[in-house]
Amino acid sequence: MASVTLQKVAKNYGSVRILHGVDLEIADGEFVVLVGPSGCGKSTLLRMIAGLEEVSDGEIRIGERLVNDVAPKDRDIAMVFQSYALYPHMDVSSNMGFSLLLKKAEKATIDKRVGSAASRLGLDTFLQRLPRQLSGGQRQRVAMGRAIVRDPKVFLFDEPLSNLDAKLRVHMRAEIKALHQQLKTTSVYVTHDQIEAMTMADRIVVMHDGFVQQVGAPLELYDRPVNIFVAGFIGSPGMNFLPATVRKDGKTSAVLADGQALSLPDGLPLKDGDALTIGLRPEHIHLTEDGSLKAEVEVVEPLGLSTQFYVKLANQQVCVFAMGRSNVRPGDMVRLSADPAALHLFDPKSGDRIG
C-alpha cells in the first residue's frame, strides 16, 4: 500500500487548460472519491495518476516515488474501468490471472491468488464460465478480481458501476466498500453520482471546471459546504436556494422575494439591505400549523417511509422532505418553518459561504 500525493497537477490540451493546479494528499489505506459533473476533470485526473494521460505541470507521487514519467505497468496500480474489458474467449479464472501470467508468475501462485480473490468476491462457482455466461454484476466482480490478484499499492476505479441497473449499483457499492475494509488498499474512485460518494468515501473531493472546490469527510461537506456549487451538488434531494435581502429592525431576518421573512442567527457579518442566497435542505423545512411561511403544494411524492413535497414558495419551487405519510394534496396551502441554525447563507455574487 502507499499514499498518493498530487502537487500543482495541471493538464492542458493544446492551449486549453483542463485541470488547474490540483493539490491533494491521499493517505495510505484511504478511500477517496473524486466527484463532480461531466467535464469537471475527475476522470482525467484519475488517468493521470494511472499514467494513461501525461502531466502538463506539477508532480504525482505514489508513496515517495515520483511517477510522472513512469509507465502505467510500472506504477504498481490496478484500475477498474466502466467497461468490464474482459477477454471473451477466456474463462473467469484465466481473465483474473492473466496479468500474473504475463509476469511469468508460477502456476501455484496464480491459482492461489485467483482462488483467494474469487472467494472474497463470491466467484468460486463461476471460475470456469465465460464472460457471456455471467450477469453484469458478476462481470464487474471479475474485473475487480483481476485487479485484486495483482496486489497493487493503489486501486483506481473509473465509474465502475455506471453500466449497472439501480438495484445492482446499490449492492455493488456495498461490496466495494466491504472489500476495501478487508484489503485496506489505498483507493481512488471516480463517479458523478454523489450518493456513491457519500456512502463509500472516507473523504470526498468535489470538482468543478477543473478546480477542486472542497475536500472533506462526507458529512463535513454536507453540513458545511464552502460554496453554492458544493451545497447544490452534495445531497439528494438537493438543497433549495432562495434569494433574499437582509433586514435589521431589532432582530436580523431575511426577506424573500414574495415579502415573507426568515429569522437569521445572530453574530453574522451582515448589514441591512445586503443581498443573500439562502440554502435550505429539504429535511430542514417542516410542515407545521404555526409556521411563519406560507406555501402552496404543487406535487406530492409518497415514498412509503417518507413523503417528498414540492411547494411554491417565494415564487419558486421548493422541495420539502418529511418522515412518515401525509394527507396533504396538491393545491393545499401549508405553513412551513425552518430552524435558523439549519440555514446556509451564501454570497450571491461569489457563491461563497457566509459565516
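Accessible areas are obtained here by the Shrake-Rupley method with a 1.4 Å probe. On that basis, the chain of this predicted model exposes about 17,000 Å², of which carbon and sulfur atoms supply 50%.

**Figure 1. Overall view of the chain, with its 8 helices and 20 strands.** The C-alpha trace spans about 80 × 45 × 35 Å along its principal axes. The chain comprises 355 residues, and 47% of them count as buried. Among contacts between residues at least 6 apart in sequence, 66% join residues at least 24 apart. The chain carries 41 positive and 42 negative charges, and the mean positions of these two sets lie 6 Å apart. Across the whole structure, a search finds 11 salt bridges, several of which appear in the views that follow.

**Figure 2. Close-up of the salt bridge between D57 and R17.** The closest N and O atoms of this pair are 2.6 Å apart. The salt bridge links distant parts of the chain, since D57 belongs to strand β4 (residues 57-62) and R17 to strand β2 (residues 16-26), with the two positions 40 residues apart in sequence numbering. D57 has a relative accessibility of 37% and therefore counts as partly exposed. R17, at 36% relative accessibility, is likewise classed as partly exposed.

**Figure 3. Close-up of the salt bridges R247–D249 and K271–D274.** In the pair formed by R247 and D249, the side chains meet with an N to O distance of 3.7 Å. R247 counts as partly exposed because its relative accessibility is 34%. In the pair formed by K271 and D274, the closest N and O atoms are separated by 3.9 Å. K271 has a relative accessible area of 57% and is therefore exposed, the cut-off for that class being over 50%.

**Figure 4. Close-up of the salt-bridge network of K11, R47 and E53.** In this view, salt bridges link the three residues K11, R47 and E53 into a network.

**Figure 5. Close-up of Q138 in helix α4.** The helix that holds Q138 covers residues 136-148. Q138 has a relative accessible area of 14%, so the residue is buried, given that the class requires a value under 20%. A polar atom of the Q138 side chain lies 2.9 Å from the backbone nitrogen of S135. When neighbours within four places in sequence are left aside, Q138 is in contact with L123 and F126.

**Figure 6. Close-up of Q316 in strand β18.** The strand that holds Q316 covers residues 316-323. With a relative accessible area of 26%, Q316 is partly exposed, because that value falls between the limits of 20% for buried and 50% for exposed. The side chain of Q316 reaches the backbone oxygen of F241 at 2.5 Å. Residues up to four places away in sequence not being counted, Q316 touches F241, L242, P243 and V311. One of these residues, L242, is 74 residues from Q316 along the chain, and the C-alpha atoms of the two are separated by 8.2 Å.

Technical notes: Residues numbered from 1 in each chain as written. Predicted model: local features only at pLDDT ≥ 70, side-chain atom pairs only at ≥ 80, totals over all residues. Heavy atoms only, no water. Salt bridge = Lys/Arg side-chain N within 4 Å of Asp/Glu carboxyl O. Helix = DSSP H or I, 4+ residues; strand = E, 2+ residues; numbered from the N terminus. Buried < 20%, exposed > 50% of the residue type's maximum accessible area, 1.4 Å probe, protein only. Contact = heavy atoms within 4.5 Å. Lys, Arg positive; Asp, Glu negative; His and termini not counted. Charge placed at Lys NZ, Arg CZ, Asp CG, Glu CD. Polar contact = N/O pair within 3.5 Å; in protein donor to acceptor, adjacent residues only side chain to side chain.
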